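Work through the exercises below with the structure open. Each task is followed by a solution in steps.

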Amino acid sequence: MKIIIRDNSKDGSLWAAHYIASKINEKAARTDKPFVLGLCTGSTPIETYAELIRMVKAGEVSFKNVVSFNMDEYVGLPVDHPESYHSFMHRYLFDHIDEPAENIHILDGNAPDTEAECAAYEQAIVDAGGFDLFLGGVGEDGHIAFNEPFSSLSSRTRVVTLTQDTREVNARFFGGNPEAVPAQALTVGVATVLSSKEVVILAFGSKKARALKDAIEGPMSHYCTLSGLQNHPAGTIVCDEASIGEVKVNSYRYFKAVEAAENR
Ligand code: GLP
């Protein structure tokens, strides 16, 4: 696992956006096959998306041959609800870039048969060629996508029930009322994320410090589903000084030394 530490979320987000753009451009230079990208929601990726939008407008990258799959969506929330992940993604990314509408995939939380919807999603990912890169965030309890603590590390796309903690954390988007946060969601599984050739996780601010400590130094465990990243050959966590603050001093020094050596 690689840990990229920046002074603040702005610098971490710039790093992530430039990294994703470089990967899209690299693939475009060698093949006509689409770049298959996993995407996340939450406050964390907003600055990364803003930089990607700037880069598309400046002609530094194009999403014309990108096929994207979002991680998750609430069950039962109308697609046009301002807090649906459909609305979020259009507001903060899709409405401002050149990704063709037919390349955009987001789970349908209103599907009449949610199990069939999840199975079809997994199949669509396979049909697209599998993920080149999955961009994710992390919940305060270490969850990745909506894989709450004690979700299987071999889980695939499915319906899940959200924990009270997550509904309380996400209540800020629903007028402060945890009961207004849908109780269930559709989410890709931990194994779906880890099936990607590369995984990049963004985590900024002291609220994510415990999750990062557990994911980086803790045992690989369903207690902190992000810890599954320990078993991935190309996992990167992009963090800031606040979110990396709980790891051991020696771990911190190690990550800094590795990066300094690579940039030499
Ligand atoms: C939700 C999403 C996750 C996201 C997490 C953190 O639970 N399902 O994918 O990583 O929120 O959100 P934020 O970035 O707002 O802290």
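**Exercise 1**

Does T41 count as buried or exposed, and why?

Solution. The model is a predicted one. Start with location: T41 sits in the loop between β2 and α2. Next, take the relative accessibility of T41, which is 12%. The cut-off for buried is under 20%. T41 therefore counts as buried. Last, list its partners, leaving aside neighbours within four places in sequence: T41 is in contact with N70, D72, Y85, F88 and M89. Among these partners, Y85, F88 and M89 are also buried residues of α3.

**Exercise 2**

State which residues of α3 are buried and which elements they pack against.

Solution. Helix α3 spans residues 85-92. Its buried residues are Y85, H86, S87, F88 and M89. These side of the packing involves two helices and three strands by name: α2 (46-57) and α5, with β2 (35-39), β3 (66-70) and β4. Put plainly, the buried residues of α3 pack against β2, α2, β3, β4 and α5.

**Exercise 3**

Where does S84 lie, and which residues does S84 contact beyond its neighbours within four places in sequence?

Solution. S84 is placed in the loop between β4 and α3. Its relative accessibility is 0%, so S84 counts as buried. With neighbours within four places in sequence left aside, the contacts of S84 are E73, L77, P78 and V79. Of the elements beside this loop, β4 covers residues 72-74.

**Exercise 4**

Describe the largest pocket by volume, lining and residue class.

Solution. Begin with volume: the largest pocket holds about 760 Å³ of space. Then count the lining, which has 36 residues. Those that lie nearest the centre of this pocket are G42, S43, N170, R172 and K208. Now assign elements: β4, α3 and α5 (164-170) each give at least two residues to the lining. Finally, sort by class: the lining has 15 nonpolar, 11 polar and 10 charged residues.

**Exercise 5**

Which residues line the second largest pocket, and which helix gives the largest share of the lining?

Solution. The space in the second largest pocket is about 160 Å³. Its lining is made up of K23, E26, K27, R30, F35, D132, L133, K197, E198 and A234. Helix α1 (residues 9-30) supplies the largest share, four residues. By class, seven lining residues of this pocket are charged, three are nonpolar and none is polar.

**Exercise 6**

Compare A145 and F150 in backbone angle, location and exposure.

Solution. First, the background: most residues other than glycine have a negative phi. A145 has a phi near 55°, a positive value in a residue other than glycine. F150 likewise has a positive phi, near 75°. Next, the location: A145 is in the loop between β6 (133-136) and β7 (158-161), and F150 lies in the loop between β6 and β7. Then the exposure: A145 has a relative accessible area of 9% and is buried, whereas F150, at 55% relative accessibility, counts as exposed.

**Exercise 7**

How far apart are E140 and Y121, in sequence and in space?

Solution. Along the chain, E140 and Y121 are 19 residues apart. In space, the C-alpha to C-alpha distance between E140 and Y121 is 27 Å. To place E140, note that E140 is in the loop between β6 and β7. Because its relative accessibility is 30%, E140 counts as partly exposed. Beyond neighbours within four places in sequence, E140 is in contact with V169, K207, K208, R210 and A211. One of these, K208, is among the residues nearest the centre of the largest pocket.

**Exercise 8**

Why can the chain be called as compact as a globular protein of its length?

Solution. Count the elements: the chain has eight helices and 10 strands. The radius of gyration of the chain is 17 Å, and the globule rule gives 18 Å for 264 residues; the two values are close, so the chain is as compact as a globular protein of that length. Its C-alpha atoms fill a box of roughly 55 × 45 × 35 Å along the principal axes. For burial, 52% of the 264 residues are buried. For contacts between residues at least 6 apart in sequence, 77% join residues at least 24 apart. For surface, the accessible area of the chain is about 11600 Å², with 52% of this belonging to carbon and sulfur atoms.

How values were computed
Residues are numbered from 1 along each chain as its sequence is written. This is a predicted model: local features need pLDDT of at least 70, side-chain atom pairs count only at pLDDT 80 or more; totals for chains, interfaces and linings use all residues. Side-chain values use heavy atoms; hydrogens and water are left out. On a 1 Å grid over the protein atoms alone, a cavity is a set of points where a 1.4 Å probe fits but cannot get out, and a pocket is an open set with protein on both sides within 12 Å along at least five of seven lines; lining residues have an atom within 4 Å of a point. Grid points are joined across faces, edges and corners, and a volume is the space filled by probe spheres set on the points. Ala, Val, Leu, Ile, Met, Phe, Trp, Tyr, Cys and Pro count as nonpolar, Asp, Glu, Lys and Arg as charged, and the others, Gly among them, as polar. Buried means under 20% relative accessible area, exposed over 50%, partly exposed in between (1.4 Å probe, protein chains only). Contact means heavy atoms within 4.5 Å. The radius of gyration is taken over C-alpha atoms; the globule rule is 2.2 Å times the number of residues to the power 0.38. Accessible areas come from the Shrake-Rupley method with a 1.4 Å probe; for residues, only the protein chains shown count as cover.
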